[in-house]
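I opened this entry to look up helix packing, cysteines, aromatic rings and one backbone angle, in whatever order proved convenient.

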Amino acid sequence: MAKPQQPLSGLPRFVLDNELHIRASLKSVYTGNTFSYYRSLERQEAAKAGAVRRNPRLVKPFHEDWSNIDGVRASVACVLEQFRARVWALGKVFKDLPGNFDDLYHLTFANTRDRRSGGALSSFNPQTYMRRLRTALKELVAAYPDMWALGIVEISAVELEPDRFVFEPHFHVIVGGVPEIELRKTFNNLLSTATKGSRGLMLKSIRDTKHLGKTVSYLFKFEPELRTRFLTAEGRVGKGRLNRLTGEAKSEWLSWAAAYRIDELLIAVGLGPNLIREFKSCGLQHLIEKLLRGSQGNAG
């Protein structure tokens with residue numbers, strides 16, 4: 001993207017001036033994080049083009065540029081809004097998370113009955129999906145009142161065979177203060193019979209602060225993935241590496257994501273009553289300043 005002819009001012013100037021510091025602060029949490037002022041704008045234009053390819057009316061869910069990012073909350077598909085959420089998660093939420101790692105897990109929940117074929121992703125309603133998840137978390141809170149959780153709904157794709165895939169909505173959540181056996185039991189009860197024989201539920205222990213930072217970063221990556229499959233030497237179906245979603249599948253994901261805000265896909269428990277409301281209202285410059293202060297504190 002060509003650099004602007006007019007000199008930048010205000011929020012765009014602040015973001016550009018702090019580009020290197022922002023990148024370093026994000027990487028201090030997890031080395032896989034990165035940031036580029038102009039590259040973000042390029043990716044934003046590509047995301048707009050992908051969404052509009054399926055629906056010409058899908059320009060409004062995107063921020064026009066850095067200058068109007070605080071005016072309204074844009075959609076999940078908006079690259080600049082994704083960056084804002086990432087800064088909020090790593091600069092504010094991550095720094096304030098409880099530091100007890102005795103019962104701390106990253107749970108991934110994926111039910112095959114929630115899958116959607118290519119061309120039918122728009123029929124997936126995250127609000128209906130999240131009601132089941134909130135019910136499960138409420139059951140756990142009743143038994144473990146000091147527990148906490150931070151989760152987000154995500155959509156990837158699974159290649160069933162060459163040139164045929166399904167979209168797979170799933171839920172990533174970090175849960176603290178619940179024994180593994182109870183956490184597994186509660187979410188396993190949500191799985192359909194067909195899913196229980198597969199990997200519909202994955203649970204990983206979070207060992208330390210570095211691992212927690214990597215996990216929070218993963219929750220806020222906003223990069224739809226395609227998991228391929230292959231036949232092993234024994235004739236079994238194996239899962240291949242993750243690839244980024246591209247082409248018409250990526251356009252369909254963008255079209256779906258443009259219909260929802262990020263806060264509509266978030267679930268927070270035991271982390272303060274106004275956590276998500278603060279995300280919706282807090283200015284980007286304030287969030288960046290908090291991220292940079294946290295990074296300087298870690299360096300000290």
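For the element names I note that helices and strands are DSSP runs, a helix having at least four residues and a strand at least two, numbered from the N terminus. The model is a predicted one, and I kept that in mind throughout.

**Entry 1, a backbone angle.** With those names settled, I placed Phe222 in the loop between α8 (209-219) and β6 (225-231). I looked up its phi and found it positive, at about 55 degrees, although Phe222 is not a glycine. I then asked whether Phe222 counts as buried or exposed. Its relative accessibility is 9%, and because the cut-off for buried is under 20%, I entered Phe222 as buried.

**Entry 2, helix α3 against two partners.** I took helix α3, residues 37-54, and set it against helix α9, residues 247-257; the two pack at an angle of about 90 degrees, and their axes are 8 Å apart. Since the range from 65 to 115 degrees counts as roughly perpendicular, I wrote down α3 as roughly perpendicular to α9. On the α3 side the contact is made by Ala47, Gly50, Ala51, Arg53 and Arg54, which meet Glu248, Ser251, Glu252, Leu254 and Ser255 of α9. Sorted by class, the residues of this contact are 3 nonpolar, 3 polar and 4 charged.

I next set α3 against helix α4, residues 79-96, where the packing angle is about 130 degrees and the axes are again listed as 8 Å apart. The two helices are therefore oblique to each other. Here Ser40, Leu41, Arg43, Gln44 and Ala47 of α3 meet Val79, Leu80 and Gln82 of α4. The class count for the contact of α3 with α4 is 4 nonpolar, 3 polar and 1 charged. I noted that Ala47 is listed in the contact with α9 and is also listed in the contact with α4.

**Entry 3, aromatic rings.** How many aromatic pairs does the model hold? The count comes to 13. I looked at the pair of Trp88 and Phe279, whose ring centres are 4.8 Å apart and whose planes stand at 45 degrees, so I recorded the pair as tilted. This pair links distant parts of the chain, with Trp88 in helix α4 and Phe279 in helix α10 (residues 275-281), 191 residues apart. Trp88 counts as buried at 1% relative accessibility, and Phe279 is likewise buried, with a relative accessible area of 1%.

I then turned to Phe165 and Phe167, whose ring centres are 5.2 Å apart and whose planes are at 90 degrees, so this pair is edge-to-face. Phe165 is partly exposed, with a relative accessible area of 25%, whereas Phe167 is buried at 0% relative accessibility. I also found a cluster in which ring pairs link Phe35, Tyr37, Tyr38, Trp66 and Phe83.

**Entry 4, cysteines.** How many disulfides are there in the model? The count comes to 0. For Cys78, which is in no disulfide, I found the nearest cysteine sulfur to be that of Cys282, 17 Å away; a disulfide would need the sulfur atoms within 2.5 Å. Cys282 is also in no disulfide, its nearest cysteine sulfur being that of Cys78 at 17 Å. I closed the entry with the accessibility of Cys78, which is 0%, so Cys78 counts as buried.

Key
Residues are numbered from 1 along each chain as its sequence is written. This is a predicted model: local features need pLDDT of at least 70, side-chain atom pairs count only at pLDDT 80 or more; totals for chains, interfaces and linings use all residues. Side-chain values use heavy atoms; hydrogens and water are left out. Axes are lines fitted to C-alpha atoms, for helices over the stretch in contact, and angles run from 0 to 180 degrees between N-to-C directions. Angles under 35 degrees count as roughly parallel, over 145 as roughly antiparallel, 65 to 115 as roughly perpendicular and the rest as oblique. Contact means heavy atoms within 4.5 Å. Ala, Val, Leu, Ile, Met, Phe, Trp, Tyr, Cys and Pro count as nonpolar, Asp, Glu, Lys and Arg as charged, and the others, Gly among them, as polar. Buried means under 20% relative accessible area, exposed over 50%, partly exposed in between (1.4 Å probe, protein chains only). Rings of Phe, Tyr and Trp (its six-membered ring) pair if their centres lie within 6.5 Å; planes under 30 degrees apart count as stacked, over 60 as edge-to-face and the rest as tilted.
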